[in-house]
Amino acid sequence: DIELAVDNLLSSSVKNPPTSFLIPCKEASYRRKQVFQFLTEQIKSCEGQKDILIVACGSTALNTYLPESDLDIVLFPSTNSNTMDLLRNVFNQLCHEISRREQRTMFSNAILGNN
């Protein structure tokens, strides 16, 4: 019976969607959570953004990302912020923190003699 075959196919695709084989490994999931947490901390450290809502979307939210996938986020400011000022502040904060961490790493490598 064709109707029964279609019903079986649909119920099986709901239980095992075609993307089910793309589930990331635990290490990739852990690392992605670390990056998301880093971004969240840096964004919330910007002036007036302590209560901003930061939501992961795209392949991260669907848990179908690949190792080289980007991390899509959406920012929902709690106040009526100027969007360009917010983005500029977030960009500057991220650049500052990444530069600080790179300098610390270079300093540590120089002390330890690592190249």
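These are my notebook entries on a predicted model, taken in the order in which I looked things up.

**Entry 1: overall layout**

I began with the secondary structure, and I found 4 helices and 2 strands in the protein. Reading from the N terminus, I wrote the order of the elements down as α-α-β-α-β-α. I then turned to burial, and of the 115 residues 17% count as buried. For the accessible surface I noted a total of about 9,000 Å², with 58% of that area belonging to carbon and sulfur atoms. I also looked up how far along the chain the contacts reach: when I took those between residues at least 6 apart in sequence, 56% of them joined residues at least 24 apart.

**Entry 2: the loop residue Leu-71**

Next I asked where Leu-71 is found. I placed Leu-71 in the loop that runs between helix H3, residues 59–62, and strand E2, residues 72–76. Which residues does Leu-71 touch, once those up to four places away in sequence are not counted? I listed Arg-32, Val-35, Phe-36, Leu-39 and Thr-60 as its partners. I also took down a backbone distance, since Ala-56 lies 15 residues from Leu-71 along the chain, and the C-alpha atoms of the two are separated by 7.4 Å.

**Entry 3: cysteines**

I searched for disulfides and recorded 0 in the structure. As a reminder to myself, such a link is a covalent bond between the sulfur atoms of two cysteines. I looked at the accessibility of two cysteines as well: Cys-57 has a relative accessibility of 27% and counts as partly exposed, and Cys-95, with a relative accessible area of 36%, is also partly exposed.

**Entry 4: salt bridges, beginning with Arg-88**

How many salt bridges does a search of the whole structure find? I counted 3. The general idea behind the search is that side chains of opposite charge can pair when their charged atoms come close.

I took the pair of Arg-88 and Asp-85 to begin with, where the closest N and O atoms are 2.9 Å apart. Both residues lie in helix H4, which spans residues 83–112, and they are 3 residues apart, or about one turn of the helix. For exposure I noted that Arg-88 is partly exposed, with a relative accessible area of 43%, and that Asp-85 is partly exposed at 39%.

**Entry 5: the bridges of Glu-97**

I then followed Glu-97, which forms a salt bridge with Arg-100, and for this pair I noted 2.7 Å between the closest N and O atoms. Arg-100 and Glu-97 both belong to helix H4 and sit 3 residues apart, about one turn of the helix. Is Glu-97 buried or exposed? I noted a relative accessibility of 7% for Glu-97, and because buried means under 20% relative accessible area, Glu-97 counts as buried. Its partner Arg-100 is partly exposed, at 37% relative accessible area.

The side chain of Arg-101 also meets that of Glu-97 in a salt bridge, at 2.8 Å from N to O. These two residues are again both in helix H4, now 4 residues apart, which is given as about one turn of the helix. I recorded Arg-101 as partly exposed, with 35% relative accessibility. Salt bridges that share partners thus join Glu-97, Arg-100 and Arg-101 into one network.

Note on methods: Residues numbered from 1 in each chain as written. Predicted model: local features only at pLDDT ≥ 70, side-chain atom pairs only at ≥ 80, totals over all residues. Heavy atoms only, no water. Contact = heavy atoms within 4.5 Å. Disulfide = S-S within 2.5 Å. Buried < 20%, exposed > 50% of the residue type's maximum accessible area, 1.4 Å probe, protein only. Salt bridge = Lys/Arg side-chain N within 4 Å of Asp/Glu carboxyl O. Areas by Shrake-Rupley, 256 points an atom, 1.4 Å probe, with all protein chains shown as cover.
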